[in-house]
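I set aside some time to go through this structure and jot down what I looked up. My notes follow in the order I made them.

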Amino acid sequence: MSQAPTREVAKRVFAREFNDATFTFKESDDERAPNFALLPTGDRANRVFVVGTLTETEDIGDESEYWRGRVVGPTGTFFVYAGQYQPDATAFLRDAEAPEYVAVVGKPSTFETDDGNVNVSLRPESISASDENARERWIVETAERTLDRIEAFEDETNEYAEMARDEYDTAVETYRREATAALDSIVEDGGETEEPEATP
Amino acid sequence: MSDLRDHAEDIHEQFSDHIDIDVDDVEERLNTLVDEYKVPLDEARRSVTSHYLDEAGMERDALGGGSGSNDHVQVADVDEDEQWIDVTAKVVDLWDARSDAVAQVGLLGDESGTIKFTAFASSDLPKLEEGAVYALGNLVTDEYQGDYSVKLNRTTTIEQLDEDIEVGDDSTTVEGALVAMQSGSGLIKRCPEEDCTRVLQNGRCSEHGEVEGEFDLRIKGVVDDGIDAHEVIFDKETTEAITGISLEEAKDMAMDALDTTVVADEIRDLVIGTYYRVSGPTFGRYVLADDVEQLSEPVDATAALERARSM
């Protein structure tokens, strides 16, 4: 029996960085090779895990239903699209009563708009009800993973950091500040002061 | 000096007491297999060794690893098949041997963890006692589906030591979100044949054919922390614990719906996206969940915030 391919890890990424990950690529010419979004902090993502607040759902389909959900994190919004090929997620969005906490496992997906912008969205493998504790856990975990990527960004052997430098203009400092702001939002009011905006 | 020469001399040393053997001849045989027939070196060495075993009329067991030349290893470090090793270990557990060919089977432990051992009746060794500590020389490692064990053989030396060993815990703990549930989860049927327990596919056991299965409950899930995706198997007890659905209730649900998949659907809704801490032994690529708890303690972001600010 052949070795099953290794399952892709679900990367943790905040909304700002996720929506900036407009460049996608494959690692091989094989038609069935997985698609990766290039994260601006220098990693590849074929799958992500998000916990946030589902604030709106809308059926934007013409003939068959096609649902869009807005999943809001502490620093931005993930757009989730589900249609006939994601029956469970579609059913969840149809029945959802926003606002509610949700956990989404999904694949990054890009599409180009008429005016030439690339929008990044999430094609769900699963959406399920979540809670505030899980949301905070996700924020801390996502901040840690983001900081891990930023720390590894200058490594000479980091091929995805090199790709990110070629493909994107935004400095990784932006995402460190995003992680800081996300953490700030859940640290209890104990005289914590906001970090002053760094000057570019 | 060529690598092959080293191996040839090794083999020569193993046999020189038993038969008239020439190093150049050994090297020549290795060379033919490796250079001419592109056989991997370890396979070539095995094949050449077999040739001399035949010639000497010896069993592989009788060779040993060359006296005193074995590595003394910790049991948790065993990660290669067919190695000759020495260990110092405590007999943690003795199990019932399922076959007459097996004299003893059980678990050996040292500071690093535990490993299964088998002693065959044909080796005619003194019996190991549960709880006793032994210096064991000349064991052979074995691998089955990614799991390692050691076999005692007729050359194995057994010396009981007057000491105790604090046996290490080789269970792992993983924390993360359960991001997927794989097929074969929920209400399943197992083969009722003694010692089989294989999961039935469409009412058939791959070993015993069509059988009247016995219901069981389990989850094959993926717990993902954003760094690694760990495959975890939750047995009936842990599945019941995290879902609140008992095997009896699951059977009722399936009976009402005339469909067993409703159980998996219900479980999926309950567990996907939830953070768990799971501990248990690893088996092949799976973690077998002995202990599971949903992560729900308050989250402290201050350490992460300090890290973010100091970068």
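These entries cover chain B as a whole, a few of its residues, two helices and the aromatic rings.

**Entry 1: ground rules and overview.** I am working with a predicted model, so every value here is computed from it. I began with chain B and counted seven helices and 17 strands. Of its 311 residues, 41% are buried. I also checked how far apart in sequence the contacts reach: taking those in chain B between residues at least 6 apart, 57% join residues at least 24 apart.

**Entry 2: R218(B).** I went to strand 12 of chain B, residues 214-224, which is where R218(B) sits. Which side chain of opposite charge is nearest to R218(B)? I find D216(B), 6.9 Å away, and R218(B) has no salt bridge even though it is buried. A salt bridge would need a side-chain nitrogen of Lys or Arg within 4 Å of a carboxyl oxygen, so 6.9 Å does not qualify. What I do see is a polar atom of the R218(B) side chain 2.8 Å from the backbone oxygen of G184(B). I then listed the contacts of R218(B), leaving out neighbours within four places in sequence: G184(B), S185(B), G186(B), I188(B), R190(B), V199(B), F234(B) and T239(B).

**Entry 3: G176(B).** Next I moved to strand 8 of chain B, where G176(B) is found. Buried or exposed? I read 1% relative accessibility for G176(B), so it counts as buried. Its C-alpha atom is 5.0 Å from that of D224(B), although the two are 48 residues apart along the chain. Beyond residues up to four places away in sequence, G176(B) touches V223(B), D224(B) and D225(B), and also T274(B), Y275(B) and Y276(B).

**Entry 4: helix 6 of chain B.** I looked up which residues are buried in this helix, which spans 261-271, and noted V263(B), A264(B), I267(B) and V271(B). Why do I say they line one face? Looking down the axis of helix 6 of chain B, I find the buried residues within an arc of 95°, so one face is what they line. Their packing partners in chain B are strand 8 (172-181), strand 9 (186-190), strand 12, helix 4 (236-243), helix 5 (247-257) and strand 14 (275-280). Just past the end of helix 6 of chain B, I noted G273(B) with a positive phi of about 85°.

**Entry 5: helix 2 of chain A.** I did the same for residues 87-95 of chain A, and here A89(A), T90(A) and L93(A) are buried. Their arc around the axis is only 100°, which puts them on the same side of helix 2 of chain A. P87(A), D88(A) and D95(A) are exposed on the other side. The cover over the buried residues includes strand 4, strand 5, strand 6 and strand 8 (118-129) of chain A.

**Entry 6: aromatic rings.** How many aromatic pairs does a search of the whole structure find? I get eleven over all chains. I opened Y66(A) and Y81(A): the ring centres are 5.8 Å apart and the planes are at 25°, so I call the pair stacked. The pair links distant parts of the chain, 15 residues apart, with Y66(A) in the loop between strand 4 (48-59) and strand 5 (67-73) of chain A and Y81(A) in strand 6 of chain A, residues 76-82. Y66(A) is partly exposed at 36% relative accessibility, whereas Y81(A) is buried at 13%. Last, I noted a cluster that ring pairs make out of F14(A), F18(A), F78(A) and W138(A).

Technical notes
Residues are numbered from 1 along each chain as its sequence is written. Chains are lettered from A and ligands numbered from 1 in the order in which they are written. This is a predicted model: local features need pLDDT of at least 70, side-chain atom pairs count only at pLDDT 80 or more; totals for chains, interfaces and linings use all residues. Side-chain values use heavy atoms; hydrogens and water are left out. Helices (H or I, at least four residues) and strands (E, at least two) are DSSP runs, numbered from the N terminus. Buried means under 20% relative accessible area, exposed over 50%, partly exposed in between (1.4 Å probe, protein chains only). Lys and Arg count as positive and Asp and Glu as negative; His and the chain ends are not counted. A polar contact is a pair of N or O atoms within 3.5 Å; within protein, one must be able to donate a hydrogen and the other to accept it, and residues adjacent in sequence count only if both atoms are side-chain atoms. Contact means heavy atoms within 4.5 Å. The arc is that of the directions from the helix axis to the C-beta atoms. Rings of Phe, Tyr and Trp (its six-membered ring) pair if their centres lie within 6.5 Å; planes under 30 degrees apart count as stacked, over 60 as edge-to-face and the rest as tilted.
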